[in-house]
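Let's take a walk through this structure and look at a few spots where side chains meet. Keep the 3D view open as you read.

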Amino acid sequence: MPWVTFPSVSHSCTRRPQWYFPALLNATLWGLRSGHTSLCVQGIFGSGKTYSASLLLILFTSVLGLRAVLSADLNLPLATAAENISDLLRDAHQNIRSQYARCLAQNIPKTTNIDVLSVDRSQLFQPDSLLRCLLVTQGSILRDATSAHPLFPSFLLLCCLAINDEAQQGGQSGFTILAALLSRFCLQIFTGDREQTRAGTGGDFLKEELLKRL
């Protein structure tokens, strides 16, 4: 299992977090070539993990033409990634921007040009869709998987890269169902801080012990 550690970034530092991107890219390519299925990326808040993940998604989606998914338990990391992707692709052709979509849950407002409301979600998975990169909460994946007509499984099965942002918060049902829907050959990247917080388990002793053992 490869590891990447992001050092802390000083607020006075003039360079942006993408100077850690080459290390993440190298580890990802090495992991894929070596047949690894997991890559751990560790770094404190503000060290550039989500920004580098956004760059990685653009490279895999728009340059290599591969399918990828970015998930998190909460909406905030996905909103940040969507903003990064929208900003980086602001001058790109519409066909390029159409390769990305952040699926919004109900009552979550659109904030970027790649956000897709729940009522428009089915259009993303039509045969003529250009979708190659999906940003979605793990709760949405769970709700979709248990619905009468799930949309995500067919897309997730073809993903070669899955990034789990804020993975130290993992352990809920959506986190588990995502792993079950991915191909056994998919490389999963787990990014997060070095310690599990009680917010991820709700303070449940059994869940905390399970995550500690994992």
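Before we start, one bit of vocabulary: a residue is called buried when its relative accessible area is under 20%, exposed when that area is over 50%, and partly exposed in between. Also keep in mind that this is a predicted model.

With that cut-off in hand, find Phe-152. Its relative accessible area is 0%, so Phe-152 counts as buried. What does its ring pair with? Phe-152 forms an aromatic pair with Phe-125. A pair of aromatic rings is described by the distance of the centres and the angle of the planes. For Phe-125 and Phe-152, those values are 5.6 Å centre to centre and 65 degrees between the planes, an edge-to-face arrangement. The two partners come from distant parts of the chain, 27 residues apart: Phe-125 sits in the loop between β5 (115–116) and β6 (133–137), while Phe-152 belongs to helix α6 (residues 152–156).

Phe-125 has another ring partner, Phe-155. Here the planes are at 75 degrees and the centres 6.2 Å apart, so this pair is edge-to-face too. Again the link is between distant parts of the chain, with Phe-125 in the β5–β6 loop and Phe-155 in helix α6, 30 residues apart. Phe-155 has a relative accessible area of 3%, so it is buried. Put together, ring pairs join Phe-125, Phe-152 and Phe-155 into a cluster. The structure holds three aromatic pairs, and the two described here are among them.

Now for the charged side chains. How many salt bridges does the structure hold? There are two. One of them joins Asp-87 and Arg-90, whose closest N and O atoms are 3.0 Å apart. Asp-87 is partly exposed at 37% relative accessibility, whereas Arg-90, at 53%, is exposed.

In the other, Arg-102 meets Asp-115, with 3.3 Å between the closest N and O atoms. Because Arg-102 lies in strand β4 (residues 100–103) and Asp-115 in strand β5, this pair ties together parts that are 13 residues apart in sequence. Are these partners buried or exposed? Arg-102 is buried at 3% relative accessibility, and Asp-115 is buried at 3% as well.

Next, swing over to helix α7 (residues 173–181). Gly-174, Leu-178 and Leu-181 are buried there. Why do they end up on the same side of α7? They cover an arc of only 70 degrees around the axis, which puts them on that one side. An α-helix has 3.6 residues a turn, so residues three or four places apart point the same way. The buried residues of α7 are covered by elements including β3 (68–72), α5, α6 and β7 (161–164).

Helix α5 (residues 138–145) brings us to Gln-138. Gln-138 is buried, with a relative accessible area of 3%. Leaving aside residues up to four places away in sequence, Gln-138 touches Ser-71, Ala-72, Asp-73, Asn-164, Gly-174 and Phe-175. The C-alpha atoms of Gln-138 and Asn-164 are 9.2 Å apart, and 26 residues separate the two along the chain.

Asn-164 also turns up among the contacts of Gln-188, a residue of strand β8 (residues 187–192). With the same sequence neighbours left out, Gln-188 touches Thr-37, Ser-38, Leu-39, Ala-162, Asn-164, Ala-179 and Leu-182. At 14% relative accessibility, Gln-188 is buried too.

How values were computed
Residues are numbered from 1 along each chain as its sequence is written. This is a predicted model: local features need pLDDT of at least 70, side-chain atom pairs count only at pLDDT 80 or more; totals for chains, interfaces and linings use all residues. Side-chain values use heavy atoms; hydrogens and water are left out. Rings of Phe, Tyr and Trp (its six-membered ring) pair if their centres lie within 6.5 Å; planes under 30 degrees apart count as stacked, over 60 as edge-to-face and the rest as tilted. Helices (H or I, at least four residues) and strands (E, at least two) are DSSP runs, numbered from the N terminus. Buried means under 20% relative accessible area, exposed over 50%, partly exposed in between (1.4 Å probe, protein chains only). Contact means heavy atoms within 4.5 Å. A salt bridge is a side-chain nitrogen of Lys or Arg within 4 Å of a carboxyl oxygen of Asp or Glu. The arc is that of the directions from the helix axis to the C-beta atoms.
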